[in-house]
Amino acid sequence: MPADPLTAEPVATPAVAAVVVIRDPGSWLDESLRALGNQDYPNLSLIIVDTTGDPETSLRIQAAAPDAYVLRLKADTGFSAAVNAAVGMVEGASHFVICHDDVAPTPEAVRLLVEEAFRSNAGIASPKYVEWDRSDRLMAVGATTDWAGMVRGLVEPGELDQAQHDRVREILVAPGGMTLVRSDLFKTLGGFGTGFDGEGRDLDLSWRAKLVGARLVVVPAATVRHAQEPHDALSRQDTDIQERLALRRRETEVARYRTVLTCYKWFNLVWTLPLGLLWALVEALVLVARGRRGEAWATLRAPVLSLRRPAELLRSRRAVQRSRRVGDRALRSLQAGTASQMTAFLRSRSEHLRIGVDHRAEGIATPKNESGRPLSAPGGRRALVALLAAGFVVLLFGSRNILGHGLPQIGQLPHVTSGWGSIWADWWSGWQTSGLGVAGPATPMLALIGVAATATFGAVGTLAQLLALLPFVVGPAGAYRGARWWGSKRGQLLAAVTYAIIPLAYNSLSKGDWEGLVAFAAAPWVLSRIVELSAAIPVPRGASAALASKVLVLGALIGATAAGAPSFFYVALIVGIGLIVGSLVAGDTATVLRFAAGTAASVAAGFVLTLPWSATVFSSPAALGGPSLSSADRLGWAAVLRFHTGPYGSGAWEWLILVAAALALVLGRGWRLAWASRLWAVALVSFGVAWAASRGALPNLPADVVLAPAAAALASAVALGAASFEIDLPGYRFGWRQGAAGAGAVCLALASVPFVAASGSGRWDMPSASPSSALSLLPRPSAGGYRVLWVGVPDALPLASRRLEPGFGYATTFGTVPSLTDEFPTGSPGASPVLAGDLIAAQDQLTTRLGHLLAPAGVRYIVVANHTGPTGSGSRPVALPEALLAGLETQTDLAPLDVGDSHYQVYENSAWSPVRSLLPPSAVGVAFSQAAGSSTTQTYQAQRPLQQTGLSGAKGVLGNGPGAATGTLPAGTAPAGSAAYVGYTFSKGWSLDLQGANVAPRRAFGWAMGFELPAQLSSTTTASLRYATPWGLRVLQAGELVVIALAVAAATISRRRNNQIGAAARVAPAEWFEPAQPPGRRTTSGGSLRRTPARRTPPAVEQDDSWGPDGSWADD
Amino acid sequence: MTDDAPDDTPEGPDEVPGGPTAGLQEDRLPGGDKGAPKSSDGLRRLRVVSFVVGVLVVLGLVDHSASRPATHSGQSGGVQISPTAAPAAALSSSWFCAGATSSAQGAAPTTTTATTTTTTAATSTAAKASGVAPGAPASSVNPAGDASGQVVIANAGSLEAKATVSVVGSAGTPDIKTMDVPARGSVSVPEVAAGGGGWAGAIVEADAGQVVVYQSVSGPLGASVSPCATSGSPTWYLPGGQTRVNADEYISLLNPYPTSTIVDLSFVTNQGSEQPQNFQGIDVPADGLATVDLGSYLSRRSSIETIVKARTGSVVAWETEVVTPPPSGAPLVGSAAASKPLADPAWPTAGVTVTLGSPGAATSWSWPDGLAGNNLQEQYVVFNPGSVQAKVRLSIGIAGAAAEPFDFSVGPGQVVPVVSEQQARIPAGVAHTATLTSTNNVPVVAVRTLTASGAAIPVSGVTGTVSGNGQILGETASAGSWLVAATGLDSHHVGELVVYNPGATTVTARVTALSGGPAPALPNGGALTIAPGGQASLAATSAASGPLQVTASSAVFVEYDLYGVGGTGGIGLSPAVPLSNH
């Protein structure tokens, strides 16, 4: 019998417990508690967890929510732990409402959530969040994630609420604030995951709930005002805003990684994790470029930190996977697209701003740009960021065939094939195997690459690509960063764009000129640092504080760059000289001394930090400058001005960059004009040096390296032009300057056409295959090994070369494939010039038996390149050493060899002998009797006996690799009077260990080593060829590490001290950036300074809403 | 500037001109911009812009005055066309000779001095097989012993040199001899190939510079001398050949390198471009020789330009033309009977010519000597082996004056002969020089041929007539010092050394004979004076049969011509070899 509805007992309303955790109560707490107390849901219990331990908070709770249950915790263990503790005390509730202390729900909110939870059979229900102060502005209406676990809101923060999202729908993530959770679900899930806080805990709870089959819905009818005060460590007010942002990012990212590691099935982890890590790297780079180093570091650390407490992580994963009832595929329909990462990242900027605004209200220091200049409006910023993103996409598109198909080994591009341990060993060794070998320290760049290889866990293929392509990101990022002084966000972005479209780096890449790429990456940073040291307007005084540390940092930057491009020591001086010249031209003598001292001190610091390597490099001008250019390769003035140092760039497009950079000259006033003068002077000095060096009027310097400061200066000048546009242009009467400004923008747009067009090839005109691939058919090195002697234009060789004659270089590889150490020229050439002398002898028709002369060096093949890469690789033709080729044709012991690639003329030496061999007795006398020549002529004249004798009877021993080796000397192979020969540069550090008996080397053929053997080897003898690195060098290398560590420590300490000076001291006065008044109305000339600012005029909000209510600038 | 002039002027009492130099900054920034002059932005802008524009313009003007950079083709253009002696400081030098027939067995080297000559026979570790591909028309038979060869090694240096001569035959192993070459003397080594008759070549390696090697051939049909090659090349051009009822053409391919080579031959004949299958894929073994008889597949060609291309490696290519006396009753080339449809004309003059090919084309060729008319038929044959039409100019110099040059075009793969007798601008019986220049820089190959049919010997002071055929490639580079290693002089031959001065000033030259001892007397003491653009010659007789060295005060071209007298006949035209100055 059915119950009478009138007489039946009313259905009991399900009990709901609202849990509010108070950790850092603000002014909104009282209103929040009152709103929860005013809910119309009849069976609602309010449980307040007070973690503050503050009596005043207790009083406020008592006043606002006198009926609430209050749980006081002795210590703040975090929001998650607090909720879990509170929920554990509740019995009989069907649902929990988990609340922050900064939410104010409408009276019906809990009821609507519960009703919809029952109606939809939802395990979790989330309300609509609106802003605390503006209830018509949305904050969140549910959320979802992408494949990487990145949380993405379903509405735009700040979006006007017009009921456009007011429908119940299924979601993947319930944003924190006020969340209704079915109690049995919450207990099944074990509550919030421990170790999670911030945004991550909501993601974790929601994702796990989804996996057990629960439904998550958003109930927009339930509206909650949210003050968005973070309920995590971010709320600690004793921390700097930047630190708090970094902390928040770290917590969020760690939670995301742990959630992904916990919730995804393993086969999805295989692809999501690497992609996620790659994205994190990109994100970190962009953050660095934007000066948010703390967040960048947090982003990079998060993957590692997420692996802490691995046992707990594994337990959580096992639990989730055991209880999961839904596959990952089922989540896909609710997840966001792949573009959400970019969106989320860009959105983080606005969040950054929002946080800043929130805390401004509390009087917390607002993050500011180092310049006090108001930046562009959000709308314009979005457009410019979109432009930057588009440029990045073009860069990726243009590099697609490099990223997808590997990096060819051309020029000096680091070819990392060995493991990180091997790289470290190469750096630590006191014997450099490049050329004919030489004793001396390795370049510190090997150590840096070793660090990178170690950090990438030995993913050397990826590392090689990163080393080649990172300059394309780091360089423009430096231009962006360096232009911050001019106070124009628009200008900063234009600087980055300008630097990115300058042909320099693309030419360097196409030629495999890694020195050029390194210089391209470093030049804007160095320029920016030197500018900072000057403290000339508009560089704020605070920016130059802790001068010593800044010099040290700049020196480290110069040293690190020079380790890859030794001539960068000169480049840093070029920047300093340019700034001095520019100052003098501008009539400013006061900064000259500062520029001079800063530059000199920084270069000196760089030199000291890279000792002992730097000392060896400075002793060898050839190592600094590299092979010189031939007359055909010399750059004309027009080519220099347009950065046409290679195949990239053509026509007149690049002239337009100069035109755009000239805008600052015609518009700028005051400090803008002074800096325009300095930047143009830097560019002109750089242009001039590159041009003069190319013509032979100066010692040779790599054009791509020398021109890097010019590119950086012009990019900065473009930014300065943008600043002048914003500050100075309003002060001019309408005339040609307004047109010039427009023309400058058009010029820059047109100048980017070649950049976009060149992206079509997908590899920036770089050959698609390595030169050494053309030699793949040659036999592999057998006992003793052999060398290949490469000759040609340096760009066409797969390794660093030494000067043979103007325009041409030579280099050797052990076997056919260069090693990483071959990419870096040593300071001392060792005995390598002997090879040059032999080649010149053949070129000058001084011998027809070149093969005999090259035999002691183990040269089996001579390769002359006539293109930059193999056939079919998209390579371009290069000049040929015609005279040398004519000479090679006359050699009777060299045979042209068809390797199936017409881009390489290969000659096989029929008189070759292995690099390490047992000399026949007939050759021993010749070897040990030949004295070292003091000149090239004497050297080859001393080889006359060798030419008649030859080494064709020599037998290879001791393995087939470079450097130290161990092998056996079979009995009977070393008859009386024979000797073990080693075709390395003579050094007393080498010894041959014959089963305990050490044999010292004797000089052979004037430059190599021979080890006299016992009369007859009675049995198979184990022999070890060893090099003992001098202790002095070891000490210096260790000292190098210590000095670098000390420099880093000193810089860190100094930076902290500098930070203590206060942000205000690092912010330039806004007066410096005040736009000039229109003619007839203004009281000051544009850009000039008032002696005594009468007032601080906040710019009109309608002009730029980035200004805060107190007139200060909120930087991103 | 009028629109902004007022704006650049400071206004108001609270302003300080110069922007960054002012007020607030002076208090705040150490150093700051205090030192800036208190000038207006206008003046400062003028100074800055002037500086920038000035630097740009000045360096632009300086750069403009310099030569323009060249572009790269990726192709080697550095082929050395003519043999050149190695410098005195050289550790070694090598010469490659071929195209001769093996001399009689047992002939011994001879020297111009009493220096001991050592002869050692050695054998190569590897047997050298005949280097002709299966089916190729190998020519291993001595063509009537018409061109017995010997190499003449001259040492212009001041120190004795050691030379190793490897005589390579069509079959068998190389015969290696080592000998000393006296300072300023010479050594002759007969080319006796192992296995007796057939073709022979020689690889000469000396341990010094300033050594020049010639190949001298002689036989019943006449004598010829020619410098040997100093380098191999993957490509050779051999213009000026023919095959007739009484004329045979042979191409000798010498591979002096340690690996074997495959060679293809192609031809431009009077019947067009030809590539007979049997002349493709000719195997030339390492240190081996291969000779092919063109007449076996290219018979009755009045003109043959041969192109040698090695698929891999390099070779040295020689051309040997053997013309026997015309058969009785055969129509002769140039006669009316020869123009009949079925006529098989014979070449009217017997003779033997051995010519080193050209490893490349060039844009300029010079001939110090030229003569036409009076039973001397001279022609310049220009061959364009490239793919672009060449526009060339043939300039004739007569007694220091210049005739109106001949301008003509040579299409790709075409041959254009210029017959001197048919040109009114080339007077008969007057010696002349000739220079061929490609006006559009398209390289060509040019050869001068000379046929004498009872012509008076064109050597001053020598009477008699000469008959024979000669051929000489032009010279491509002038030099101040030259050497003719083999003069071929004996009682039946006279020679003439011709020096051409291409410069604009008078040149004095001295000719000395290298005898290894006291210098033999030469006419006028060997002194020559050459007017600008003119030529001078020196008659050489058997009294000074050693090598001849020419030292000029400026760069000249030198040619040596050999004429048979006393019924021996024969003409040998050869370029001298420039000696390196360093």
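**Exercise 1. Which backbone oxygen does the side chain of Arg324(A) reach at 2.7 Å? Place this residue in its surroundings.**

Before the solution, some conventions apply. The model is predicted, local features need pLDDT of at least 70, side-chain atom pairs count only at pLDDT 80 or more, and totals for chains, interfaces and linings use all residues. Residues are numbered from 1 along each chain as its sequence is written, chains are lettered from A and ligands numbered from 1 in the order in which they are written, and side-chain values use heavy atoms, with hydrogens and water left out.

*Solution.* Step 1: Arg324(A) sits in the loop between helix H10 (310-323) and helix H11 (328-332) of chain A, where helices (H or I, at least four residues) and strands (E, at least two) are DSSP runs numbered from the N terminus. Step 2: the side chain of Arg324(A) reaches the backbone oxygen of Val326(A) at 2.7 Å, and that of Cys263(A) at 2.4 Å; a polar contact is a pair of N or O atoms within 3.5 Å, of which, within protein, one must be able to donate a hydrogen and the other to accept it, and residues adjacent in sequence count only if both atoms are side-chain atoms. Step 3: not counting residues up to four places away in sequence, Arg324(A) touches Leu211(A), Cys263(A), Tyr264(A) and Lys265(A), contact meaning heavy atoms within 4.5 Å. Step 4: Arg324(A) counts as buried because its relative accessibility is 11%, the classes being buried under 20% relative accessible area, exposed over 50% and partly exposed in between (1.4 Å probe, protein chains only).

**Exercise 2. Describe how helix H18 and helix H31 of chain A pack.**

*Solution.* Step 1: two packed helices are described by the angle between their axes and the distance between the axes. Step 2: the axes of H18 (residues 489-501) and H31 (residues 708-727) of chain A come within 8 Å and cross at roughly 150°, so H18(A) is roughly antiparallel to H31(A). Here axes are lines fitted to C-alpha atoms, for helices over the stretch in contact, and angles run from 0 to 180 degrees between N-to-C directions; angles under 35 degrees count as roughly parallel, over 145 as roughly antiparallel, 65 to 115 as roughly perpendicular and the rest as oblique. Step 3: residues making the contact include Leu494(A) and Ala495(A) of H18(A), and Ala711(A), Ala715(A) and Val718(A) of H31(A).

**Exercise 3. Describe the packing of helix H22 against helix H29 in chain A.**

*Solution.* Step 1: H22 (residues 568-585) and H29 (residues 670-694) of chain A pack at an angle of about 130°, with their axes 7 Å apart, and H22(A) and H29(A) are therefore oblique to each other. Step 2: among the residues that meet are Ile574(A), Gly578(A) and Val581(A) in H22(A), and Trp675(A), Ala681(A) and Val685(A) in H29(A).

**Exercise 4. Place Leu436(B) within chain B.**

*Solution.* Step 1: chain B has 2 helices and 35 strands, and buried residues make up 57% of its 582 residues. Step 2: Leu436(B) lies in strand E25 (residues 433-438) and is buried because its relative accessible area is 1%. Step 3: the C-alpha atoms of Leu436(B) and Thr363(B), 73 residues apart along the chain, are separated by 7.9 Å. Step 4: leaving aside neighbours within four places in sequence, Leu436(B) is in contact with residues including Thr363(B), Trp365(B), Trp367(B), Phe408(B) and Val444(B).
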